[in-house]
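Okay, let's get going, and please pull the model up on the screen. I'll talk about how two helices cross, and then about pockets and cavities.

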Amino acid sequence: MQELTHYINGTHVKGTSGRFADVFNPATGEVQAKVPLAGAAELDKAVEIAAAAQPAWAAVNPQRRARVLMKFVDLLNRDMDKLAEALSREHGKTLPDAAGDVQRGLEVVEYCIAAPQMLKGEFTDSAGPGIDMYSMKQPLGVSAGITPFNFPAMIPMWMFAPAIACGNAFILKPSERDPSVPLMLAELLEEAGLPKGILQVVNGDKEAVDAILDNEIIQSVGFVGSTPIAEYIYGRGCTNGKRVQCFGGAKNHMIIMPDADMDQAADALVGAGYGAAGERCMAISVAVPVGDETADRLIEKLVPRVEALKVGPYTSGKDVDYGPVVTAAAKANIERLVQSGIDQGAKLVVDGRNFKLQGYEDGFFIGAHLFDHATKDMDIYKTEIFGPVLTTVRAQSYEEAIGLAMDHEYGNGTAIFTRDGDTARDFANRVNVGMVGINVPIPVPLAYHTFGGWKKSVFGDLNQHGPDAFKFYTRTKTVTSRWPSGIKEGGEFSIPIME
Ligand code: NAD
């Protein structure tokens, strides 16, 4: 049994709290490693080391800091297959999807190479007589990030790359479900030239999180995960005077208008609904066809596609569309919600309940499910299922469809499929959701834009990556300066006297 570690001051450090969590291989159901769960003393020690290392890192000029990230990009590309394999083994997603997880993080690292440009301040010449005014963007000191299981490479990189580029030290508390890749990323950053202590990986659960929230040195906390925990972290972190941004859960609606290309819409729904076993915060989990005729055509196209999905372990290579879900508890929760959908009267048009995979009977696999005729009051509509379950709610008009997306408590992503520019434009303008796709099912913005939802999908104001990240990880200092006239007036030749 492998015993994982923390990564502190450039070395792997064993846990000392005596508490561990099991890390599973979701494909087989076996425990493959134990991850230490840090107590407050371990966390505080890691923060002290980070705080001691940070001023020297902040004093390295931004261009040199960016060069470390350039080298890190090279190393990520060199080790892409190794990282993807380690990620799939703990998360369960397919290898191409795991490589995508690394890639979307890498792209934010690439963006952060622009640190010298992004950190330039502002300058006003002659703001008053002899007065200049300028602002500087300075690092916060020590920042921390708490990340979810579903993107164990991408989301840590979305946080630590801009934090480090800005001259901060960073404490990463990864998900205890799949902690190996974050540890590998810390090793690679050090190989790229990052000084020891600037990226510390502290594994743990609620105890480590609470220690982060209560630590007086930590200046900012980034969180990505489920909404109840996001709300809790935001409240406690803000009360303790920290800068906090928390990104929570989702229930992403895709509206299908009668004029949409139905094959294109069905293909998009299958990829966005079932990819990564539905364990993406930008997964489409609700299909909203407009009109019964549209709904009938859509369901007719969807059923064979959903039935044909290939479910299996990442080791089966490209023949697999999605893998197992992350834990037995996640599987049980998804099965419970599917049953609630049946009990509350939705029509299960693709029933994945009897799915079995020979040789992997103990793995956390779930067959694909498709519901039709779901309604707003059902649990399968209200709750984030986070599994391979697509729920169809039929709307009778465009207004009813956009109203569904707008009334839902979550507002992470949404999409509309139509050939009509006016409808698309109206939807993009009015919908109260943070990321909108027009004939694009998973509108995850690229690194140089920002990522963030609205409503209960976010607590805090700035988004992740893009220009917002440079704001989140810096403080602005504004200087007003006046230099009295002096030496430039020329030399004094008579003896100085008091006047
Ligand atoms: P989670 O909330 O269970 O865990 C996230 C992190 O919080 C982990 O590091 C975990 O150790 C910690 N944590 C868990 N319980 C805690 C507690 N009681 N107190 C303090 N810390 C605690 O989320 P998850 O299951 O790992 O990830 C899935 C969720 O993340 C989904 O809801 C998904 O929508 C969301 N997510 C959101 C985004 C986004 O950008 N909005 C992106 C990815 C995932």
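So, at roughly what angle do the axes of helix H1 and H8 cross, and within what distance do they come? Quick housekeeping before that: this is a predicted model, with local features needing pLDDT of at least 70 and side-chain atom pairs counting only at pLDDT 80 or more, while totals for chains, interfaces and linings use all residues. Residues are numbered from 1 along each chain as its sequence is written, and side-chain values use heavy atoms, with hydrogens and water left out.

Back to the helices. The axes of H1 (residues 40-59) and H8 cross at roughly 45 degrees and come within 9 Å. That makes H1 oblique to H8. Oblique is whatever remains once you take out under 35 degrees (roughly parallel), over 145 (roughly antiparallel) and 65 to 115 (roughly perpendicular). Axes here are lines fitted to C-alpha atoms, for helices over the stretch in contact, and angles run from 0 to 180 degrees between N-to-C directions. Helices are DSSP runs of H or I with at least four residues, strands are E runs of at least two, and both are numbered from the N terminus. The H1 and H8 crossing is right-handed, meaning the near helix is turned clockwise from the far one by less than a right angle.

Now the pockets. We work on a 1 Å grid over the protein atoms alone: a cavity is a set of points where a 1.4 Å probe fits but cannot get out, a pocket is an open set with protein on both sides within 12 Å along at least five of seven lines, and lining residues have an atom within 4 Å of a point.

The largest pocket holds about 1,000 Å³ of space. It has 44 lining residues, with Pro148, Phe149, Gly225, Ser226 and Ile229 nearest its centre. Elements giving two or more residues to that lining include helix H8 (206-214), strand E11 (218-224) and helix H9 (227-239). H12 gives the largest share, six residues. And why does this pocket lie between two domains? Because domain 1 (2-248 + 457-480) and domain 2 (252-438) both give residues to its lining.

The second largest pocket has about 250 Å³. Among its 13 lining residues, Arg104, Phe151, Arg280, Ile442 and Val444 lie nearest the centre. H4 gives the most to this lining, with four residues. By class, the lining has eight nonpolar, one polar and four charged residues. For the classes, Asp, Glu, Lys and Arg are charged, Ala, Val, Leu, Ile, Met, Phe, Trp, Tyr, Cys and Pro are nonpolar, and the others, Gly among them, are polar.

Last up, cavities. How many are there of 30 Å³ or more? Four. The largest cavity has a volume of about 110 Å³, and Gly278, Arg280, Ala283, Ser285 and Phe386 are the closest to its centre, out of 15 lining residues. So Arg280 turns up at the second largest pocket and at the largest cavity.

The second largest cavity has about 50 Å³. Its lining includes Tyr7, Gly10, Glu190 and Lys196, and helix H7 (residues 180-191) gives the largest share, three residues.

How values were computed. Grid points are joined across faces, edges and corners, and a volume is the space filled by probe spheres set on the points. Domain bounds come from an automatic or database domain assignment.
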